[in-house]
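Open the model in your viewer and keep the selection tool at hand. The stops below go from one selection to the next.

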Amino acid sequence: MYQELGGKPVVHDTWVNSPEETQRQWQLSRLATESLRYLQLQEALGQPPTAKEFGAQRLTWPWPGEEAEGWPILQHVLATLTGSDLSATAPHSPTAPPLSEENGIRNPLAKGANTAVATEPTTVRITATGAPVDVSAVLLTRNGKVRSDQDLVFYNHPSHDGVRVGGDTVVAELSLIPDDIASIAIIVSIDLKAQPTAVFDQYTLWQADITQPSGIQQSFVPGRFSSGETVTIAVELYRHTTGWKARAVGQGYDTGLAGLATDYGIDVEA
C-alpha cells in the first residue's frame with residue numbers, strides 16, 4: 001500500500017538534506033497504516049466509507065491539493081489492490097500508478113513462509129520509512145555462527161565471498177557462496193547515530209523485495225514491531241537439498257546490533 005501511494009526509501013542523505021521529503025514519506029506511511037481501518041469500515045458499512053466516516057480531516061495529506069486530492073487517490077489504490085468497486089475512482093496520478101507487471105508487483109510472502117529461488121544472483125532490497133536504516137548481511141555456517149568477523153558484510157566491509165552490500169540493497173551471487181556457508185541473513189537496523197531514540201513500530205516500517213534475473217519476484221512486509229526493536233532479521237537465504245530457498249523472517253532484537261552479533265558469534269569488541 002505504501003509503495004502504491006508513492007512511497008520510496010528514505011536514505012540517510014534524504015533524511016539529512018531533505019526534511020520535507022522525509023516528512024512526506026512519513027505521512028504516506030501513516031496513510032498506508034490507516035488503510036487497514038478503511039477496509040474495516042468498508043466491511044462494517046457494506047460500502048466504501050466517506051471521507052467524513054473515515055475521519056480524513058484528522059490526517060495530513062501529502063499532496064498539493066491535500067485531502068481533496070489525496071482522498072480519491074487513497075480510495076483508488078485501495079480499490080485496485082483489493083479488487084473492490086468504487087462509484088468514483090481517482091484519475092491517473094504519477095504518485096499512484098495503476099497496478100501492472102511493469103510496475104514491479106511482487107508476490108507477497110507471509111512471515112515464516114519460504115520459497116524456492118534459483119542458484120543465481122539474488123537481490124534483496126529494503127524499502128524503509130520513518131527512520132534511516134542500515135542494511136547488512138551475515139554469512140552463517142550450519143551451526144548458525146559466522147566463521148570469522150569477515151562474514152559480516154556491511155558499509156565498511158561491503159563485499160565478501162559472493163555477497164555485497166550497497167545502500168539499501170544486498171546482492172548474493174548464490175553460485176559463488178562457499179560450500180561451508182549454509183545461510184545468509186539480511187539485517188535491517190536503525191541508524192541510531194542519525195536518530196538515537198527511534199525504534200521499529202507502526203511508523204518506522206520496512207519492506208523486503210527479493211528479485212532474480214530469471215523473473216522471481218517476492219516481497220515481505222513484517223507485522224508491526226512493538227517491543228522497542230532497533231534491529232531485525234528481514235530475510236534469510238538458505239541452502240535446501242541441492243538448491244536455495246528464501247525465508248521471510250521478520251525477527252526483531254531489542255538488544256541492538258550487539259545482541260544480534262553475539263548470537264551469531266561476531267566479536268563486537270573487535
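Is Glu34 buried or exposed? Select Glu34: at 11% relative accessibility, this residue counts as buried (buried is under 20% relative accessible area, exposed over 50%, partly exposed in between, with a 1.4 Å probe and protein chains only).

Before going on, note that this is a predicted model, where local features need pLDDT of at least 70, side-chain atom pairs count only at pLDDT 80 or more, and totals for chains, interfaces and linings use all residues. Residues are numbered from 1 along each chain as its sequence is written, and side-chain values use heavy atoms, leaving out hydrogens and water.

Add Arg37, which is partly exposed at 25%. Its side chain meets that of Glu34 in a salt bridge, 2.9 Å from N to O (a side-chain nitrogen of Lys or Arg within 4 Å of a carboxyl oxygen of Asp or Glu). The two residues are three apart in helix α2 (residues 19-45), about one helical turn (helices are DSSP runs of H or I, at least four residues; strands are runs of E, at least two; both are numbered from the N terminus). Now add Arg30 and Arg58: with Glu34 and Arg37 they are linked in a network of salt bridges.

Next, select Glu236 and Arg247, a salt bridge with its closest N and O atoms 2.4 Å apart. Glu236 is in strand β12 (residues 231-240) and Arg247 in strand β13 (residues 243-253).

Finally, show the open antiparallel sheet, ordered β2-β13-β12-β9-β4-β5 (two strands pair if DSSP finds at least two bridges between them). β2 (114-117) and β5 (152-153) stand at the edges, each with a single partner strand, so one side of each has no neighbour in the sheet.
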